[in-house]
Structure formats: structure tokens, C-alpha cells
Amino acid sequence: MARHTWTSLFTVRSSSSDSTYEVKRDPKTGAYGCSCKGWKFQKKSMFERECKHTRVAREAIEALESKEEKRMKAALSALERMGARDSVAA
Ligand SMILES: [Zn+2]
């Protein structure tokens with residue numbers, strides 16, 4: 001099995017409980033991971049799993065790379081709505 005070296009991106013608040021989830025990325029493969037149940041319990045390989053948190057993370061990173069202001073703003077407000085916090089700063 002391929003080894004993952006996850007880099008933590010940020011934490012998000014759960015919309016249904018007090019939990020926080022950690023959203024992370026493997027810089028080698030570009031795969032996204034999350035500590036929520038929605039991601040963990042998918043019967044797919046780690047490279048194919050997605051949850052609403054990893055989708056927002058992916059969009060945010062793609063928006064940054066695109067350097068399109070409108071897209072970046074939309075991605076930032078999506079992160080804000082999820083209560084995303086930089087895991088390093090937190
Ligand atoms: Zn998730």
C-alpha cells in the first residue's frame with residue numbers, strides 16, 4: 001500500500017456536532033484527506049475519497065492557483081462558512 005505523508009491544511013467545524021475535523025493533503029500525490037466520518041468510511045481508495053471538506057479544500061487551492069479574483073473570493077467565503085482555521089495558527 002502506498003504511504004501517505006499528509007500535510008495538515010486546516011481544521012473545520014462540524015455542522016452537526018462540536019467536533020472539528022482536520023483536512024489534509026498529500027503533497028506527493030495531490031490527494032486530499034479528512035478526519036470526518038464521511039471521508040473515513042468511504043469504500044474507495046484514499047486517492048478517490050471525497051467529502052464536503054476536501055471538496056472545499058480542493059476548490060480553494062485550485063482557485064489560488066488560477067489567480068482569478070472572483071474564484072478566490074468564493075473559495076475563501078466557503079472556507080469561512082465552514083469555520084476553517086489554519087491548523088498551524090490555531
Ligand atoms: Zn470531511
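Two residues are taken to be in contact if their C-beta atoms, placed from the backbone, lie within 7 Å. On this basis, residues 24 or more positions apart account for 32% of the contacts with a separation of 6 or more in the chain. The structure described here is a predicted model.

The chain contains three helices and four strands, which follow one another along the sequence in the pattern β-β-β-α-α-α-β. The radius of gyration is 13 Å, close to the 12 Å that the globule rule gives for 90 residues, so the chain is as compact as a globular protein of that length. The C-alpha trace spans about 40 × 30 × 25 Å along its principal axes. Of the 90 residues in the chain, 24% are buried.

The four strands form an open sheet in the order S3-S2-S1-S4, with antiparallel pairing. Strand S3 (31-34) and strand S4 (85-86) stand at the edges; each has a single partner strand, so one side of each is left without a neighbour in the sheet. Strand S1 (residues 7-13) and strand S2 (residues 20-26) run antiparallel and are joined by six bridges. The connection from S1 to S2 is a hairpin through six residues. Within this pair of strands, Phe10 has Val23 of S2 as its bridge partner, and Val12 is bridged to Tyr21, also in S2.

On the other side of the register, S2 pairs with S3 in the antiparallel sense over four bridges. Val23, the bridge partner of Phe10, stands opposite Cys34 in S3. Asp26 likewise has a counterpart in S3, standing opposite Ala31. The hairpin of S2 and S3 has four residues between the strands, and Gly30 in this hairpin takes a positive phi near 80 degrees.

Helix H2 (residues 52-66) lies across S1, S2 and S3 and runs at about 140 degrees to S3. Lys52 is found in this helix. It counts as partly exposed because it has 15 C-beta neighbours inside 10 Å. The C-alpha atom of Lys52 is separated by 8.5 Å from that of Gly38, although the two residues are 14 residues apart along the chain.

The loop between H2 and H3 includes Lys67. This residue has a positive phi of about 60 degrees although it is not a glycine. Most residues other than glycine have a negative phi. Lys67 has 8 C-beta neighbours inside 10 Å and therefore counts as exposed. For H3, the 13 residues should span 18 Å at 1.5 Å a residue, which agrees with the 18 Å between the end C-alpha atoms of the helix. Just after H3, Gly83 takes a positive phi of about 70 degrees.

The largest nonpolar core has 16 residues, and those with the most contacts inside it are Val12, Val23, Ala57 and Leu79. Two or more residues of this core are given by each of S1, S2, S3, H2 and helix H3 (69-81). In soluble globular proteins, nonpolar side chains tend to be buried together. Two of the core residues named above also take part in the strand pairing: Val12 is bridged to Tyr21, and Val23 stands opposite Cys34. Leu79 touches Val56, Ala60 and Ala84, when residues up to four places away in sequence are not counted.

The loop between H3 and S4 includes Met82. This residue is buried, because 20 other C-beta atoms lie within 10 Å. With neighbours within four places in sequence left aside, Met82 is in contact with Val12, Arg13, His53 and Val56. Among these contacts, Arg13 is 69 residues from Met82 in sequence, yet the two C-alpha atoms are 6.1 Å apart in space. Val56 is shared between two of the contact lists, being touched by Leu79 and by Met82.

Methods
Residues are numbered from 1 along each chain as its sequence is written. Two strands pair if DSSP finds at least two bridges between them. Axes are lines fitted to C-alpha atoms, for helices over the stretch in contact, and angles run from 0 to 180 degrees between N-to-C directions. A nonpolar core is a set of buried Ala, Val, Leu, Ile, Met, Phe, Trp, Tyr and Cys residues joined through C-beta atoms within 7 Å. A residue is buried if 20 or more other C-beta atoms lie within 10 Å of its own, exposed if 12 or fewer, and partly exposed in between; C-beta atoms are placed from the backbone. The radius of gyration is taken over C-alpha atoms; the globule rule is 2.2 Å times the number of residues to the power 0.38. The expected span of a helix is 1.5 Å times one less than its number of residues.
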